[in-house]
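Trainee: I am new to this structure and would be grateful for a close look at a single part of it. Please take the sheet, together with whatever packs on it, and explain how the parts fit together.

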Amino acid sequence: MLRLKAVKMTVSGMVQGVGFRYTAKILADRLDVKGIIRNLMNGDVYIEAQADEHQLQQFITGIKNSPSPAARVDHVALTEIPQSNYPDFAVVY
């Protein structure tokens, strides 16, 4: 049985208006990561992600390296959180 892990991330940099959420969703879907992603009022992007440890680590690495070629990730604040029951990975508006 796979051990699921969940994290929340706040991503800073040039991450709004550059396809960041869309490409992060493609990455999450490819890795079978569940959760949400949304823009914050201050220009950052907020992510909650849950998957098995290996897939989650691949997702975090992908986010840090920016899934969108037009985006620039300056900082990722990462915290482990309790698991949730997300049916998929969704862009929240």
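Mentor: What follows is an account of the sheet, the helices that pack on it, the core, and a few individual residues. Please keep in mind throughout that this is a predicted model.

The sheet is the natural place to begin. It is an open sheet of five strands, arranged in the order β4-β1-β3-β2-β5, and its pairing is mixed. Strands β4 and β5 form the edges, since each of them pairs on one side only. On average, neighbouring strands of this sheet are turned by 20° against each other, direction ignored.

Strand β1 deserves particular attention. It covers residues 4–14 and runs antiparallel to strand β3, residues 45–52, to which eight bridges join it. Two residue pairs illustrate this pairing: Ala6 stands opposite Gln50 in β3, and Val7 has Ala49 in β3 as its bridge partner. Strand β1 is also joined to strand β4, residues 72–81, by nine bridges, and these two strands again run antiparallel. Here Lys8 may serve as an example, with Thr79 in β4 as its bridge partner.

Two helices pack on this sheet. Helix α1 touches β1, β2, β3, β4 and β5, and its direction makes about 170° with that of β5. Helix α2 touches β1, β3, β4 and β5, and its direction makes about 155° with that of β3.

The next topic is the nonpolar core. The largest such core has 24 residues, and those with the most contacts inside it are Met9, Val11, Phe20, Ile47, Phe59 and Ile63. The elements that contribute two or more residues to this core are β1, α1 (20–31), β3, α2 and β4. The largest share, five residues, comes from α1.

Phe59 merits a closer look among these residues. Leaving aside neighbours within four places in sequence, Phe59 is in contact with Met9, Ala24, Leu27, Ala28, Leu31, Val33, Ile47, Ala49 and Phe89. The last of these contacts leads to another feature. A search of the whole structure finds one aromatic pair. It is formed by Phe59 and Phe89 and is edge-to-face, with 5.6 Å centre to centre and 65° between the planes. The pair links distant parts of the chain: Phe59 lies in helix α2 (residues 53–64) and Phe89 in strand β5 (residues 89–91), 30 residues apart. Both Phe59 and Phe89 are buried.

Phe89 also provides a way to Gly35, a residue of strand β2 (residues 34–39). When neighbours within four places in sequence are left aside, Gly35 is in contact with Glu48, Tyr86, Asp88, Phe89 and Ala90. Gly35 has a relative accessible area of 1%, and therefore counts as buried, the cut-off being under 20%. Gly35 and Ile47 are twelve residues apart in sequence, while their C-alpha atoms are 7.3 Å apart in space.

It remains to consider charged side chains. Side chains of opposite charge can pair when their charged atoms come close. A search of the whole structure finds five salt bridges, and three of these may be described here. In one of them, the side chains of Asp29 and Lys25 meet at 2.9 Å, N to O. Asp29 and Lys25 are separated by about one helical turn, because they are four residues apart in helix α1. Asp29 counts as partly exposed at 42% relative accessibility, and Lys25 is likewise partly exposed at 26%.

Another salt bridge joins the side chains of Asp32 and Lys34, at 2.8 Å, N to O. Asp32 is partly exposed, with a relative accessibility of 43%, and Lys34 is partly exposed at 25%. A further salt bridge brings together the side chains of Asp74 and Arg72, at 2.8 Å, N to O. Arg72 counts as partly exposed at 43% relative accessibility.

To draw the account together: α1 and α2 both pack on the five-stranded sheet. Residues of β1, α1, β3, α2 and β4 contribute to the largest nonpolar core, and the pair of Phe59 and Phe89 links helix α2 with strand β5.

Notes: Residues numbered from 1 in each chain as written. Predicted model: local features only at pLDDT ≥ 70, side-chain atom pairs only at ≥ 80, totals over all residues. Heavy atoms only, no water. Buried < 20%, exposed > 50% of the residue type's maximum accessible area, 1.4 Å probe, protein only. Contact = heavy atoms within 4.5 Å. Pairing = 2+ DSSP bridges. Phe/Tyr/Trp six-rings, centres within 6.5 Å; stacked < 30°, edge-to-face > 60°. Core = buried A, V, L, I, M, F, W, Y, C linked by side-chain atoms within 4.5 Å. Salt bridge = Lys/Arg side-chain N within 4 Å of Asp/Glu carboxyl O. Axes fitted to C-alpha atoms, helices over the stretch in contact; angles between N-to-C directions.
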